[in-house]
Amino acid sequence: MSALEAVRRRQSWSKVTPDAPTREQLLPLIAAAGRVADHSSLRPWRLIELRGQDRERLGAAIAATTGDDSPSSKPLRASLLIAVVASYRDSEKVPRWEQEAVASGVAHVLSLLLDEAGWGVIWRTGGYTRTAAVARAHGLGPDEELLGWLYVGGKPGKEPGRRQVLDAESVLSRMPVQSAPDDAAPSDIPREPDDSTEPDKCTKRTKKKAKKKAKKAARKARKKAEKAAKKQRRLRKTEEQG
């Protein structure tokens with residue numbers, strides 16, 4: 001089965017059977033999921049498997065958060081829960097939001113791999129994922145956040161309803177064309193330089209000076225183009241009046 005076919009067939013299973021993959025079956029899937037794009041290879045994520053009484057302790061933590069007298073039964077809806085944790089690293093290059101995106105990507109790819117392997121999966125979240133009681137139950141550190149759980153089990157006989165096919169045209173567009181003053185063509189107005197055009201061997205100070213100089217040149221060229229366009233308009237107006 002190709003990746004395209006696997007993605008097209010994937011669906012969330014809100015109800016699963018008590019069957020669940022073993023730890024040995026999980027390990028190669030997790031290793032594959034770890035191949036997601038990861039800036040600087042920080043690996044800002046980790047996973048926690050919850051089985052048996054682990055799920056009951058989670059139910060108690062959720063109850064403590066929501067103020068309920070009895071433990072929540074939600075974690076008992078599957079024999080295996082895989083907690084997805086964003087484990088942030090110190091980095092000047094990779095911001096916190098990007099690291100969370102990596103952890104989220106791992107969860108999505110893992111759910112796809114589990115589905116392809118024949119298991120039913122659904123990603124469940126909730127406001128209590130970021131609460132202190134639930135964080136303590138999972139043993140999270142100060143620089144970690146819980147993104148939710150993958151509920152994993154056997155696929156029951158009846159398949160869930162499929163989502164409506166996405167209209168790709170509705171979500172794919174082109175970058176807007178840069179606006180130009182009146183008669184000046186967009187190509188007449190230079191764009192300010194991108195950092196990617198700077199030589200890799202330049203020092204930070206050299207890059208900063210070069211970028212500043214290029215911006216100044218771009219502004220000067222823009223004013224020149226605007227002045228030329230204004231002159232053309234005056235000439236046309238004079239011709240029309242004559």
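How many cavities of 30 Å³ or more does the structure hold? Here are some notes to go with the model, which is predicted.

1. The answer to the opening question is one cavity of 30 Å³ or more. The space in the largest cavity comes to about 30 Å³.

2. Let's look at the walls. The lining of the largest cavity is made by Leu-58, Ile-62, Lys-74, Pro-75, Arg-124, Thr-125, Tyr-128, Trp-149 and Tyr-151. Two or more of the lining residues come from helix 3 (53–66), and the same holds for strand 4. Sorted by class, six residues of this lining are nonpolar, one is polar and two are charged.

3. Two of those lining residues, Tyr-128 and Trp-149, deserve a point of their own. A search of the whole structure turns up one aromatic pair. Tyr-128 and Trp-149 are its members, with ring centres 6.1 Å apart and planes at 35° to each other, a tilted arrangement. The pair joins distant parts of the chain, 21 residues apart: Tyr-128 sits in the loop between strand 3 (119–124) and helix 5 (132–138), while Trp-149 belongs to strand 4 (residues 144–154).

4. Are the two partners of that pair buried or exposed? Tyr-128 has a relative accessible area of 14%, so it is buried, given the cut-off of under 20%. Trp-149 has a relative accessibility of 2% and therefore counts as buried too.

5. Next, the arginines over rings. Arg-124, one of the residues lining the largest cavity, lies over the face of Tyr-151, at 5.1 Å from the ring centre. Tyr-151 is itself among the lining residues. Another such arrangement involves Arg-96, placed over the face of Tyr-88 at 3.8 Å from the ring centre.

6. Please also have a look at Thr-131, which is found in the loop between strand 3 and helix 5; Tyr-128 is in that loop as well. With a relative accessibility of 18%, Thr-131 falls under the 20% limit and so counts as buried.

7. Which side chain does the side chain of Thr-131 touch in a polar contact? The partner is the side chain of Thr-65, at 3.2 Å. Thr-131 and Ile-62 are 69 residues apart along the chain, and their C-alpha atoms are separated by 8.8 Å. Ile-62 also appears in the lining of the largest cavity.

How values were computed
Residues numbered from 1 in each chain as written. Predicted model: local features only at pLDDT ≥ 70, side-chain atom pairs only at ≥ 80, totals over all residues. Heavy atoms only, no water. Phe/Tyr/Trp six-rings, centres within 6.5 Å; stacked < 30°, edge-to-face > 60°. Helix = DSSP H or I, 4+ residues; strand = E, 2+ residues; numbered from the N terminus. Buried < 20%, exposed > 50% of the residue type's maximum accessible area, 1.4 Å probe, protein only. Lys NZ or Arg CZ within 6 Å of the ring centre and 35° of its normal. 1 Å grid on protein atoms, 1.4 Å probe; cavity = no way out; pocket = protein on both sides within 12 Å on 5 of 7 lines; lining within 4 Å. Points joined across faces, edges and corners; volume = space filled by probe spheres on them. Nonpolar A, V, L, I, M, F, W, Y, C, P; charged D, E, K, R; others polar. Polar contact = N/O pair within 3.5 Å; in protein donor to acceptor, adjacent residues only side chain to side chain.
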